[in-house]
Amino acid sequence: MFKNKILLIAFIFSSTFFYSQSTKKFIDTGSVKNQFDYLINESNNYQDHKVVKQQWLLKLRANVIDTISKNKNALAIHKNSLMNFQKEIDSLKNELTEIKQLNEKLTTEEQQISFLGISLSKPFYKTLTYFLILVFIGLFVLFYIKFKQSNQITKEAKLNLKEVEEEFEEHRTKALEREQKVMRRLQDELNKHKKD
């Protein structure tokens with residue numbers, strides 16, 4: 001009877017075990033690693049081998065193929081995005097190079113001034129400008145001094161001329177008076193000679 005009970009208990013356990021194995025479903029969700037772990041843990045052992053249900057293997061294979069396909073699509077999308085980003089980076093690098101060249105050109109132009117068609121640096125231009133201003137101020141002072149001297153000489157010459165004219169007028173008046181006196185005498189003498 002003991003043998004029968006043991007056989008009955010063994011039969012119940014084995015049928016329960018096989019029944020539970022046949023009613024278990026393969027999990028479709030989760031990562032591929034989790035699905036493999038589930039497959040290995042829930043498969044039966046037979047002489048150091050795992051006995052796996054064929055439908056579970058087919059389902060796992062389909063899931064792996066779907067995952068690989070999704071990953072390939074995601075990789076292709078990422079590659080396209082990466083190529084677009086690389087194009088944008090190259091475009092921005094070109095723009096940056098152009099901006100740097102323009103900045104260097106503007107900086108160079110800012111440091112130079114065109115004077116009579118000659119390109120001069122700002123410090124040299126400032127020095128030249130200050131030099132020319134000093135030269136013009138010097139020339140102005142020189143011409144002003146010369147003008148003052150000439151004006152003084154002109155005033156003195158006018159004053160001398162006026163004095164000479166006054167002397168000449170006085171001399172002429174005296175000469176005219178002498179001449180008139182001489183003429184009167186001459187006339188008197190002539191008149192005297194006529195009478196005689």
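**A walk through the predicted model**

Let's start with how far to trust each part: in the protein chain, confidence is lowest in helix α1 (residues 2-23), with a mean pLDDT of 51, and highest in α4, with a mean of 89. Over residues 15-22 the pLDDT drops below 50, and beyond near neighbours in sequence this stretch has five contacts in the model. Where pLDDT is low, the predicted coordinates should not be read in detail. Keep in mind that what you are looking at is a predicted model. For the protein chain overall, the mean pLDDT is 81, with 83% of the residues at 70 or more.

Now for the layout. The protein chain has four helices and four strands. If you follow the sequence along, they come in the pattern α-α-β-β-α-β-β-α. Of the 196 residues in the protein chain, 6% are buried. The accessible surface of the chain comes to about 18000 Å², and 62% of that belongs to carbon and sulfur atoms. As for contacts between residues at least 6 apart in sequence, 32% of them join residues at least 24 apart.

Next, head over to helix α4, which covers residues 122-195. Which residues make up the nonpolar patch on the surface? They are Y130, I133, L134, I137, F140, V141, Y144, I145 and F147, and together they have about 960 Å² of accessible area. Take I137, which lies in α4: it counts as partly exposed because its relative accessibility is 46%, and partly exposed means between 20% and 50%.

Further along come the charged pairs. How many salt bridges does a search of the whole structure find? The search turns up three. One of them joins E169 to R172, whose closest N and O atoms are 2.8 Å apart. Both of these residues lie in α4, three residues apart, or about one turn of the helix. E169 is partly exposed at 37% relative accessibility, and R172 is partly exposed too, at 44%.

Another salt bridge brings together the side chains of E170 and K174, at 3.8 Å from N to O. These two also sit in α4, but here they are four residues apart, again about one turn of the helix. E170 has a relative accessible area of 48%, so it is partly exposed, and K174, with 46%, is partly exposed as well.

Then there is the salt bridge between E189 and K192, with the closest N and O atoms 3.9 Å apart. Because E189 and K192 are three residues apart in α4, about one helical turn separates them. E189 is partly exposed, with a relative accessible area of 38%.

How values were computed:
Residues are numbered from 1 along each chain as its sequence is written. This is a predicted model: local features need pLDDT of at least 70, side-chain atom pairs count only at pLDDT 80 or more; totals for chains, interfaces and linings use all residues. Side-chain values use heavy atoms; hydrogens and water are left out. Patches are made of residues with over 30% relative accessible area and no salt bridge: like charges are joined within 9 Å, nonpolar side chains (Val, Leu, Ile, Met, Phe, Trp, Tyr) within 5 Å. Accessible areas come from the Shrake-Rupley method with a 1.4 Å probe; for residues, only the protein chains shown count as cover. A salt bridge is a side-chain nitrogen of Lys or Arg within 4 Å of a carboxyl oxygen of Asp or Glu. Buried means under 20% relative accessible area, exposed over 50%, partly exposed in between (1.4 Å probe, protein chains only). pLDDT is the predictor's confidence in each residue, from 0 to 100. Contact means heavy atoms within 4.5 Å.
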